[in-house]
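Here is a short, friendly briefing to read with the model open beside you. Take it topic by topic and follow along on screen.

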Amino acid sequence: MNTHWWAWPAATLDRQAAEAAHARQQTLTKPPGSLGRLESLVGQLAAWQGRACPQVDRAWISVFAADHGVAEEGVSAFPQAVTGEMVRNFAGGGAAISVLARTLGATLDVVNLGTVNDPGQIDGVLRAIIAPSTANFCHAPAMTRAQCETALRIGAERVAQARAAGADLFIGGEMGIANTTSATALACALLGELPRTLAGAGTGLDDAGIARKIAVIERALRRHADAVEPIELLCRLGGFEIAALAGACIAAAQARLPVLVDGFIVTAAALAAVRMNPSVRDWLLFAHRSHERGHARLLDALDADPLLDLGLRLGEGSGAAVAVPLLRMACALHAGMATFAQAGVSEKTASSAEIPAESVS
Ligand SMILES: Cc1cc2ncn([C@H]3O[C@H](COP(=O)(O)O)[C@@H](O)[C@H]3O)c2cc1C
Ligand SMILES: O=C(O)c1cccnc1
């Protein structure tokens, strides 16, 4: 038996709660099925939360920030200093995810795993520095195995904190200049895809920039062609925040906490988590399809049908946060609508197929 914690099975889904939710849906004053995906979402939430009337009152958002050695290859439209600067902005309340968390009444947990432009001790930021940056994976593994395991564990610890705080939904976000390059390299290795099919503009590269990014990823994949195991690929090509996100996905699934997955980078981390432990997939809900080129392919690989398609390409957990009100509406409808009996509304008549042919004019 594999003794690594990340291989331990995910919690089982509560099918009885899902069935109870489905049964209630049939009694509400609407044509059965007319609320479409909102109905199946309630069933999924019921199975995760183990209650026929699920709620998404306490969303928890952990944003993991970290720098990437591969940034020195010129693969981002922005300078590396932005990672540390954005850590300060998250805590100061000015970043997109800060505004969204406030709007949702969600907890925003900011974790600095290592930034070259170190903002130091800041109120509202957990310092969990592994190193100032990963190594440039064109020349060496991005992380040592010990660094990667530390990052996985930090992700799991944030889930434990979320659980202890009574969270009913976990959102992971990321910040790290050049991390679309890292996420693309990791996804290519996990899926056996070519960099040119998955690499996109990230923060806004032009065509020449994307061509350079593709060449960098091709070089990295050749350098690490001997790696096969998902954890080994994560060590070689991932980043501290990507490994923390993978650890968080796994730990959340083990702790009965559903995960609302954000965009391209978080999906790459989720893919690594599912490859490390396939039972994790049952606990993932995909919030949106990012504008980043490779995201659709990653979603397909995870058999995911995301809730939204808004052309977002920000990261930080923002797309997942934007989807939370949808989940809340689904839960409110489910809990708050009257039943046919309560409202004195007539139920569906027999379908035309059941009506004798002679009575159909
Ligand atoms: C100001 C700013 C805020 C951000 N928030 C998220 N990202 C996003 O952009 C980065 C990935 O893109 P690339 O691989 O092209 O560097 C990540 O930090 C991601 O979260 C940002 C990027 C910038 C510039
Ligand atoms: O989809 C994402 O997560 C994304 C896309 C581009 C840049 N940063 C993040």
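Where is the place of Asp-303? Asp-303 sits in the loop between helix H12 (295-301) and helix H13 (318-336). Please keep in mind that this is a predicted model. The points below begin with that loop residue and another with positive phi, then turn to the ligands, two helix pairs and a few single residues.

**Positive phi outside glycine**

- Asp-303 is not a glycine, yet its phi is positive, at about 55°.
- Asp-303 counts as exposed because it has 9 C-beta neighbours inside 10 Å, and 12 or fewer is the cut-off for that class.
- Ala-178 also has a positive phi without being a glycine, with a value near 85°.
- You will find Ala-178 in the loop between E4 and H6.
- With 28 C-beta neighbours inside 10 Å, Ala-178 counts as buried, since that class begins at 20.

**Around ligand 1**

- The shell around ligand 1 holds 18 residues, and the closest are Ser-76, Thr-180, Gly-202, Thr-203 and Gly-315.
- Three elements each contribute at least two residues to this shell: helix H3 (81-92), strand E4 (169-175) and helix H6 (179-191).
- Which element gives the most to the shell around ligand 1? That is H6, with three residues.
- By class, the shell around ligand 1 is made up of eight nonpolar, eight polar and two charged residues.

**Around ligand 2**

- Ligand 2 has 13 residues around it, of which Gly-263, Phe-264, Ser-290, Glu-292 and Gly-315 come nearest.
- The shell around ligand 2 divides into three nonpolar, seven polar and three charged residues.
- Gly-315 is worth finding on screen: it is listed among the closest residues to ligand 1 and among the nearest to ligand 2.

**Helices H5 and H10**

- The axis of H5 comes within 6 Å of the axis of helix H10 (residues 240-254), and the two cross at roughly 50°.
- That angle makes H5 oblique to H10, because it falls neither under 35 degrees nor between 65 and 115.
- The crossing of H5 and H10 is right-handed.
- On the H5 side, the contact is made by Cys-148, Ala-151, Leu-152, Arg-153, Ile-154, Gly-155, Ala-156, Arg-158 and Val-159.
- On the H10 side, Phe-240, Ala-243, Ala-244, Leu-245, Ala-246, Gly-247, Ala-248, Ala-251 and Ala-252 take part.
- Sorted by class, this contact of H5 with H10 has 14 nonpolar, two polar and two charged residues.

**Phe-240 in H10**

- Is Phe-240 buried or exposed? Phe-240 counts as buried because it has 35 C-beta neighbours inside 10 Å.
- Not counting residues up to four places away in sequence, Phe-240 touches Ala-66, Leu-113, Gly-114, Ile-130, Thr-134 and Ala-151.
- Phe-240 and His-4 are 236 residues apart along the chain, and their C-alpha atoms are separated by 19 Å.

**Two residues of H5**

- Glu-157 has its place in helix H5 (residues 145-164), and Arg-163 is found in this helix too.
- Glu-157 counts as partly exposed, with 18 C-beta neighbours inside 10 Å.
- The C-alpha atom of Glu-157 is 22 Å from that of Gly-263, a residue 106 places away along the chain.
- Arg-163 is likewise partly exposed, with 17 other C-beta atoms within 10 Å.
- Leaving aside neighbours within four places in sequence, Arg-163 is in contact with Ala-255 and Leu-257.
- Between the C-alpha atoms of Arg-163 and Ala-323, 160 residues apart along the chain, the separation is 21 Å.

**Helices H6 and H9**

- The axes of H6 and helix H9 (residues 230-237) come within 9 Å and cross at roughly 155°.
- H6 is therefore roughly antiparallel to H9, as angles over 145 degrees are classed that way.
- H6 and H9 make a right-handed crossing.
- From H6, Ser-182, Ala-185, Leu-186, Ala-189 and Leu-190 meet Pro-230, Leu-233, Leu-234 and Leu-237 of H9.
- This contact of H6 with H9 has eight nonpolar residues, one polar and no charged.

Conventions:
Residues are numbered from 1 along each chain as its sequence is written. Chains are lettered from A and ligands numbered from 1 in the order in which they are written. This is a predicted model: local features need pLDDT of at least 70, side-chain atom pairs count only at pLDDT 80 or more; totals for chains, interfaces and linings use all residues. A residue is near a molecule or strand if its C-beta atom, placed from the backbone, lies within 6 Å of it. Helices (H or I, at least four residues) and strands (E, at least two) are DSSP runs, numbered from the N terminus. Ala, Val, Leu, Ile, Met, Phe, Trp, Tyr, Cys and Pro count as nonpolar, Asp, Glu, Lys and Arg as charged, and the others, Gly among them, as polar. Axes are lines fitted to C-alpha atoms, for helices over the stretch in contact, and angles run from 0 to 180 degrees between N-to-C directions. A crossing is left-handed if the near helix is turned anticlockwise from the far one by less than a right angle, and right-handed if clockwise. Two residues are in contact if their C-beta atoms, placed from the backbone, lie within 7 Å.
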